[in-house]
Amino acid sequence: MREYNHSLTQQNKTMLLTAFGKKPCPEVFALCKTGRMRKLLILSFLAACLQIPLVSKAQGISLEVQDALLENVFNLVQRQSPYRFVYASEDMAATKKVTVSVTNAPIATLLEKIFKDQPIGYNLRGQVIMVSKINQPLATVQFYGFTVTGKVIDEEGKGLPAVTITLKQNKFAVATDEQGYFKLTDVNPASAILFSSVGYETKEIKIEGRNNLTVQLFRSVGTLDETVIKGYYNTSKRLNTGSVAKITGEEISRQPVSNPLEALEGRMAGLYVQQTSGIPGAAINIQIRGINSLRTTGNFPLYVVDGVPYTSASLSSNNTPTTIFGGGGNNPLDYLNPADIESIEVLKDADATAIYGSRGANGVILITTKKGKAGKTKFDLNFYTGAGKVTRMMHLLNTSQYLEMRHEAFRNDNAVPDITDYDLNGNWDTTRYTNWQKMLIGGTTSISNAQATISGGSANTQFLLGAGYFRQGTVFPGDFYSQKASLHLNINHVSEDHKFIISLTAGYVASNNRLPQADITRTAVSLAPDAPNLYDQNGQLNWQGSSWTNPMSLLMKQYKGNSYNLISNINLSYQLLQGLFLKTSLGYSKQELQGISTVPIYSWDPAFNVTSGRSFFATTNTSTWLIEPQLNYQHRLGQGKVDVLFGTTFQENKLDAQTLRATGFSNDALLENVSAASGIALSNARYIQYKYNAFFGRINYNYKDKYLVNLTARRDGSSRFGPGRQFGNFGAIGLAWIFSNETFIKNNLPFLSFGKLRSSYGITGNDQITDYQYLSTYSATAYTYQGNAGLIPNRLVNPVYSWETNKKFEATVELGFLKDKLLVSASYFRNRSSDQLVGYSLPYITGFTDIQFNLPAIVQNTGVEIELNTVNYKNKNWTWKTNINLTIPRNKLVSYPGIEGTAAANNYAVGKSLYIKNKYHFLQVDPNTGIYVNEDINADGIINSDDLQFLKEVRQNYFGGIQNSITFKNFQLDVLFQFVKQTGIYPINNAPGSLANQSTEVLNRWQKTGDITSIGKFSQDYAGAVAASFNDAYLNGDHGIGDASFIRLKNIALSWKMPPVWLQRIKIKSIRLFIQAQNLLTVTKYKGMDPENQSLQQIPPLRVLTAGVQVSL
Amino acid sequence: MKFHCTIKNAFFLYLLLSACNLGCKKFVAVDPPKTQIVTASVYSNDGSAISAMNGIYSQMISSAGFASGGYVSVTLLGGLSSDEFINYSASAELETFYANNLNATNLTLAGSLWQEPYQYIYYANAVLDGLSISSGVSAKTHAELEGEAKFIRAFCHFYLVNLFGDIPLVLSTDYRINAVLPRTPKEKVYQQIISDLTDAQGLLPADYSFSNGERVKPNKWAATALLARTYLYTADWVHAESASTSVITNTSYSVAGDLDNVFLANSEEAIWQLMPVLPESNTNEGINFILTGTPNSVAISKHLLNAFEPGDKRKQAWVNYYIDGMDTFYYPYKYKIQASGEPVTEYSMVLRLAEQYLIRSEARARQNNITGAQTDLNIIRARAGLANTTATTETSLLAAILHERQIELFSEWGHRWLDLKRTTTADGILGPIKQPNWQSSDILYPIPQSELKNDIKLTQNPGY
């Protein structure tokens, strides 16, 4: 069962309660009612079935009310008696208020009194009181004496519970039980039956005299009624007033990824995900609607796993020295098991994020894990295995081209190779050729994944237990890998009276990395092709007379990380009154990372006489606890529904990290044993306590499913601010108008099946700054002096800074055509972020580089997001669906008072985007000299900081994805293309001509007077004029900025389900075979390695191909 | 009944939430982190206040920069800029020091030679601030720490003014003042250095009791020695002579007879040494200079090598070499220990007595005290096994002293670079050997570019 069922739509409730239900009483089900009420009836009937005590005896009812709503009277009766009312809310609108006073009265007496002069009537059947409009008398029952039984199954052949089954002859309706079985009595054998269920296509079957039917329902193509989890409450896409993108667990499962964030790439509008490396667990850049904060660390979204905030900061960044995961350290979401995830919702606009207050400034990523479902105990096994390689390699010079470059460089410089030019001076064998890319990063990695799940339960208690294992290697030579094992548990219980619900979810992931400390990609692309053999004749590392750093020695410096991640939460809900629920979420999560980085003696050139090894031992512990009591009230108000939520959050995060530097290991075999060290020093200690407290409220009013208003407010307090500055108020309003529900639209635009306009505006805050900045403190130095502790000041202090604010506006139109077979939505958003908490840059003479400050700078992100979902073709055997998303983002620094004279002026310019680069502008390679020429703005003859210009941006112009999904009988094919139109940086090593390999592109260099080219003349002099002009053109200039657009076949998944007839023979519920691939093809003109990570330091994302099988028992 | 009960429940919940509301201000107040100490409590007692000074020394010696003797210290970078070393490092930034082709965007320059000393000045000012409002520190410790802080402030300003010329003079911790400081004329900087050192002389103990007998914290004589140098640099020959005399006549210090003993921990010649703090390590100089393979940092230049007079024992004791096939690389061997794990027997020398003799010799020569100047110079020459100086005039003596300083103080603290600058001999000496890049303006390093951006009142040195 779900956590927050109380705000589900009525339709969902049907399913929900059916799921609770015991074996229902089908006989009682055959009721007749007007079409639009039938679901309601079933609902209430089920409730009735469940709640009727086994022994029931006539009992009196005592009641004293004045001017009470009829519904409230029903409730009061239900509270003290077994009688249950069945009615449609809309029929209640016209009823009169009731004043009645009875003591120990029989039910009939009471009913007579309260229904007196009402526009509705009632019908007492046993303990069920059917209420309906008087002018629509209950249908009379005809006797045909014909019974139909059967089963409704889904696409996988599993029984479908809670399917509404309506007899066309008289609108009799029943529902299927947990296993999908149903029974209809008194059926006209010539009639037809309608099968309908939320999320499935309605099907009509003619009975044609059959007694037994098996009916298969297919998932409906329209996604409008799919549940959307929106923080503390759920809604549907149809009724949502905010902007939420969603990916289902099924979509995640089609992608062989280790980190669930990777599965989001290209699938959602407004979300840009960039893999920075092909190392499992490496840093991932993620931006929801652009960058809002001038602080690079202030742009993390909020991650919430099952209601508990999850760390966005890397644990490894506080841990042992390793650069293997990239700049930001390893991504903490890699500690999750993608297979445990039921759905990921990305909350984008103010309406959706405001309930998270300050934490939601950069958007919210809600991760919901899988929950148990009632039904027969079910085993699921899933296994896949495969291989990966890097997506792209560089075209590098071969030995003869390389030597040509080097010799030409010396000729150009009028120099001869000296003792350090090992590649030419005879030290290295110039006839050798090694493809170092192939040698060092050209390997094939293996990937395997196994998952097992068991789930099931009764109507009141359900469970799910999952276990998983994932292992991925690296493409480097040697035995490197990351593996993780996980357990996932969910238990739900609902009390017999359905008032009390408890749900427990716990996940534990243990992962284990064994990786090189540093990525060797740069070595692979820059080693000279005539560099020596890795090993000498004796199989020892070859140092070739100390002429190089043997790349294998880099791989010997290893990093081992063990991490343990516990996420647990309990959700409690109690129904205090009809429509009033008291809920509490309790969450606790804890992540621990133990890292060891080792530098063995053997990794050193013996000439350095290093006789001892060293290691770093580090532990990082973070924990979060959370208590969130909430009150939720749902009530009918006029012709609409009001839903009120009020709650409070108490949250505490702690981080405790220590790194020990251990030295003097006499033996490499002992490097992981800290007690074998002769010297131990604390090299890093961090402790952070963060507390957060908030009050939040939401009022939602839905008038006839046509007009919706959603108001959210939150008062947040954060310990990251000084006394008196801790609290901030935030809020949002969301409005929606479902104009397709207006009669005049229905009448005039019949092709329009759905139409909604929505808009939202709100303010959220941001407190993503370093803790304790308002405190003047000292910290211990890494090393003692004379055995006594050293203390140094931590920072310059400004105690009065406070919240960054983020104002978000969005307007969206959502349209559905052809019975929602074509759904389009187009959004425009504008986020303005101000009071920027930027470390205000100070000159070094102040002793520090910056101070915390609220700057009145305004950063604006605007954009257009378009999503298109179509069902192109569908018949019995074939379905073809397409989803397209497109995002066109724009970013601008609107204002920055006083930017002149600050360090920000080095990086940003008012009126330009934050993605702008302040660089020298490369003009040409001088045809006369072969030197790179940059624009000398002030024509003073030197290129210095006065010549920097804000000309080129490194950013996405637009991006998106095209996903096609085709099913044919038992085959399913999903293909996702990701497209990104962007400018990027082409990282380049050294000036061509020095002792480093280069792209073959450099062969197009300047050679003689008059040559027109963009590559300067070869030079080997680091400090020479060519090298200086090269640095100014590439490192400090914009020569390397160019098109990095790409189209990537991001994901392709093909599966085949074994036909049920085969399965029956082997008594297995289902078997599915599949092939999946990630990053299979890339089309790009990018000059570097991979256009996505744009790095020579980090290995590109991997191209992965896997095959697997899924079995359900 | 039940109904009322739930109303009561709801009411209770409301009360509970209201109570939480009142309590939440308290809830979001957190204690200072365990790993940090609130400033006020640092200066509440002797122990932690002393730690605030220890922190500065620990940082100075454990970084690779400014005062560490390491890879990007004044010792190494000053040596590259002058004629002491050949660059073998692959760093383009170091190459520009060697080629006297620096530009203002050089990050090594900005980080090691500008930012780092200013950071220590801030720390020292913070100690002075902290002490000024503290009542928990004993009078004795208060005086010692104030003296140490003023010494460090003077010491850092001394190197900044020599490397960069006019510099911002930072005397407070208030960023609102400091962030917009203009450059102070170097005469005024020297005045402040002299004032700080004079204060320090009065505050610091005359022995090493406050550093457990080890010569690892600057005492009164360190302040006096640096004062002597400052007077020399500001052409105040009378005071330079008197200050150096008071150090020389102090019986705690004597010129070590054995050249191999000069750089040992607490050697008789040491006035102030920084103690290595990295575990298992001796000095950064030893780690950095000693060659066991083809150099990948620096080696001694032939100009320095050829400057040794025949029979100079210092060439045997303080220079060593590594032969790689046909090539021989010479390296500074004042510090003998490179390997990790050896017992720590060498400390990094900052101020030593030999320099004081050379200071006095020069001050005397400038005052035309030829005999006095010769006597002091000959003490240093005698230890090196050399005959008495043949210089007899002020001019020839000054040349002899400059030469003696080149040999005696090589690979220490950029002495050569500072000497060439203050004696205005750089153009003549470096001009010919540092072709084609040498320009007269190279004698001052550029003010870091980022600094000019962040402090609008700063101006650049000529030539950059």
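**A sheet shared between chain A and chain B**

Strand 36 (777-780) of chain A and strand 1 (residues 36-38) of chain B pair in the antiparallel sense over three bridges, where strands are DSSP runs (E, at least two residues) numbered from the N terminus and two strands pair if DSSP finds at least two bridges between them. The structure is a predicted model, in which local features need pLDDT of at least 70 and side-chain atom pairs count only at pLDDT 80 or more, whereas totals for chains, interfaces and linings use all residues. Residues are numbered from 1 along each chain as its sequence is written, chains are lettered from A and ligands numbered from 1 in the order in which they are written, and side-chain values use heavy atoms, with hydrogens and water left out.

Within this pairing, B:Val38 is the bridge partner of A:Thr777. On strand 36 of chain A, three antiparallel bridges also lead to strand 37 of chain A, and there A:Ser779 has A:Ile792 as its bridge partner. An open, antiparallel sheet of three strands results, in the order 37(A)-36(A)-1(B). Its edge strands, strand 37 of chain A and strand 1 of chain B, each pair on one side only, and neighbouring strands are turned by 35 degrees against each other on average, direction ignored. Helix 3 (residues 46-62) of chain B lies across strands 36 and 37 of chain A and runs at about 85 degrees to strand 37; helices are DSSP runs (H or I) of at least four residues, contact means heavy atoms within 4.5 Å, and axes are lines fitted to C-alpha atoms, for helices over the stretch in contact, with angles from 0 to 180 degrees between N-to-C directions.

The contact between the chains takes 81 residues from chain A and 81 residues from chain B. The buried area, defined as the accessible area (1.4 Å probe) that two parts lose on being put together, summed over both, is about 7200 Å², of which carbon and sulfur atoms give 64%. Zero salt bridges are found across this interface, the criterion being a side-chain nitrogen of Lys or Arg within 4 Å of a carboxyl oxygen of Asp or Glu. Among the strands that each supply at least two residues of the side of chain A that touches chain B are strand 28 (558-577) and strand 32 (679-703), and strand 32 gives the most, with ten residues.
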